[in-house]
Amino acid sequence: MQQEQVLTRSQPAAALQAGDHLPKHVNIVSTPSSAKHKRTMAASQPPKHTLTLSPNQHSSPLRTQTTTPSYLPAAKQTHSHPRGTTTSKDEDAHLRFIGTATTILEWRGIRILTDPNFLHAGDHVHLGPGVTGTRLTNPAIDLEDLPNIDVVLLSHYHADHFDQKVEDELRRDLPIITTPHAKENLVDKKDGEERFTAVKDLDFWEAATLNITPSSSSADANATEPVPVIKVTGMPGKHIPPGPLSVANDLLAAVPPTNGWMVELGYSSPGGLVGGSLEEFSCGYRIYISGDTLFVPELNDIATKYTHAGKEIDLMLIHLGGTTIPSPKVPLLMVTMDAQQGVKLMQLVKPDVTVPVHFDDYDVFVDPLENFKKAVEEAGLSGGVVYLDRGEGYGFGVRRG
């Protein structure tokens, strides 16, 4: 019997040295820093959650809105691979940058909304005890203009990622994949009609599969064709640097725990995943979303499991900004990556393409995008970065087989 590995928040890098490989399938059960915040990794576990999504189902993502647009507004500009390795005819998937860490991923008639934040310039958010932020930009579209959304992917329960307007207005049965901490706040701490009813929690390395039913008009309706599937896996992340501050934050719960995500678009055999088994899944495009993490030792595990294991990361959405609290005037603690840390993460996980998000939108984001551009150029990595303005998109193709 394979021995079970137990990793704590403070020690995953000590348990896994560079070049070590995690089990092919892992399941991590999490807790805060004592017994409650350990990660237990066990081999060959099925996904924690399985959802079935249909491109034929269209309803407003908002609880009080009866009509909804059929499509997103046209992108201001759609970018392709920076090295010209794909053409528009090869691009069957699209990413739209809305602002902050809010994006919309579209593939096979399904839309995934990440970290919904639709506040406008001048609006304020509460980011912790004594900490507020002021928005400096407007989102590319308003919350009321969203088309059908199938799933929300929420990295953590922070108001610049899930603002109060979003929390008040989202449909309560809209599926949300998020952290255990966020689920507690969206489900356990709400009463009656305010409680969200379709929240699926994932801790580090736990997975969910989203099975996409064929649309009646598509070629996928053929029973002999591979079935499109999206696999979402929680990735390590830390909002607070290791050390005494991290221990104090675990006790005070001032800054919430955060996940990154690995979003894998691919296909299963005809009929879909049997019993939820990921053995039937073939990844055709892999997207790593860093979440609001700092460059911490736990991120080495991502390179070990993916980059060094022959599982190339096609696209990385990297959260930047060098967010500093309690305020720009009193910059005591940085809680998201700045330009230099962002470049280090690029060098660690070696994505084919990087798209920066989470920059210049709030006054607490003190490290501007221009610093990242300069650091990327100095590192010789400019050829692998696509810079999206709010409202612009990136098109890509998902491989089969």
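At 2% relative accessibility, W107 counts as buried in this predicted model, because burial is assigned to residues under 20% relative accessible area. The value for Y267 is 4%, so that Y267 is likewise classed as buried. A total of 7 aromatic pairs is found in the structure. In one of these pairs, the ring centres of W107 and Y267 are 5.6 Å apart and the ring planes stand at 80°, and the arrangement is therefore edge-to-face. Since W107 belongs to strand β7 and Y267 to strand β16 (residues 260-268), the contact between the rings ties together parts of the chain that are 160 residues apart in sequence. A pair of aromatic rings is described by the distance of the centres and the angle of the planes.

Other aromatic side chains were also examined. Y157, F162 and F196 are linked by ring pairs into a cluster. The ring of F196 has R172 over its face, at 4.0 Å from the ring centre. A charged residue is likewise placed over the face of Y306, where K305 lies at 5.8 Å from the ring centre.

The chain as a whole contains 7 helices and 22 strands. Of its 401 residues, 56% are buried. Among the contacts between residues at least 6 apart in sequence, 72% join residues that are at least 24 apart. The accessible surface of the chain amounts to about 16,500 Å², and carbon and sulfur atoms account for 51% of this area.

Strands of a sheet pair through backbone hydrogen bonds, either parallel or antiparallel. An open sheet of mixed pairing is formed by 8 strands, in the order β5-β22-β6-β7-β8-β11-β12-β13. The edges are occupied by β5 (78-79) and β13 (199-201); each has a single partner strand, and one side of each is therefore left without a neighbour in the sheet.

Within this sheet, strand β6 (residues 93-99) is mostly covered, with 7 of its 7 residues buried. On one pairing, β6 is joined to strand β7 (residues 102-107) in the antiparallel sense by 6 bridges. The hairpin of β6 and β7 has 2 residues between the strands, and T100 adopts a positive phi near 50° there. Strand β6 also pairs with strand β22 (residues 393-396), again antiparallel, through 4 bridges. The position of H94 illustrates both pairings: H94 stands opposite E106 in β7 and opposite G395 in β22.

Towards the edge formed by β13, strand β12 (residues 176-178) runs parallel to β13 and is joined to β13 by 3 bridges. One residue of this pairing is I176, whose bridge partner in β13 is V199. Helix α3 (residues 180-188) lies across β12 and β13, and runs at about 155° to β13.

A further hairpin is made by strands β9 and β10. Strand β9 (residues 124-128) pairs with strand β10 (residues 131-134) in the antiparallel sense over 4 bridges. In this pairing, H124 has T134 of β10 as its bridge partner. The hairpin has 2 residues between the strands, and G130 takes a positive phi near 75°.

How values were computed
Residues are numbered from 1 along each chain as its sequence is written. This is a predicted model: local features need pLDDT of at least 70, side-chain atom pairs count only at pLDDT 80 or more; totals for chains, interfaces and linings use all residues. Side-chain values use heavy atoms; hydrogens and water are left out. Two strands pair if DSSP finds at least two bridges between them. Contact means heavy atoms within 4.5 Å. Axes are lines fitted to C-alpha atoms, for helices over the stretch in contact, and angles run from 0 to 180 degrees between N-to-C directions. Buried means under 20% relative accessible area, exposed over 50%, partly exposed in between (1.4 Å probe, protein chains only). Rings of Phe, Tyr and Trp (its six-membered ring) pair if their centres lie within 6.5 Å; planes under 30 degrees apart count as stacked, over 60 as edge-to-face and the rest as tilted. A charge sits over a ring if NZ of Lys or CZ of Arg is within 6 Å of the ring centre and within 35 degrees of the ring normal. Accessible areas come from the Shrake-Rupley method with a 1.4 Å probe; for residues, only the protein chains shown count as cover.
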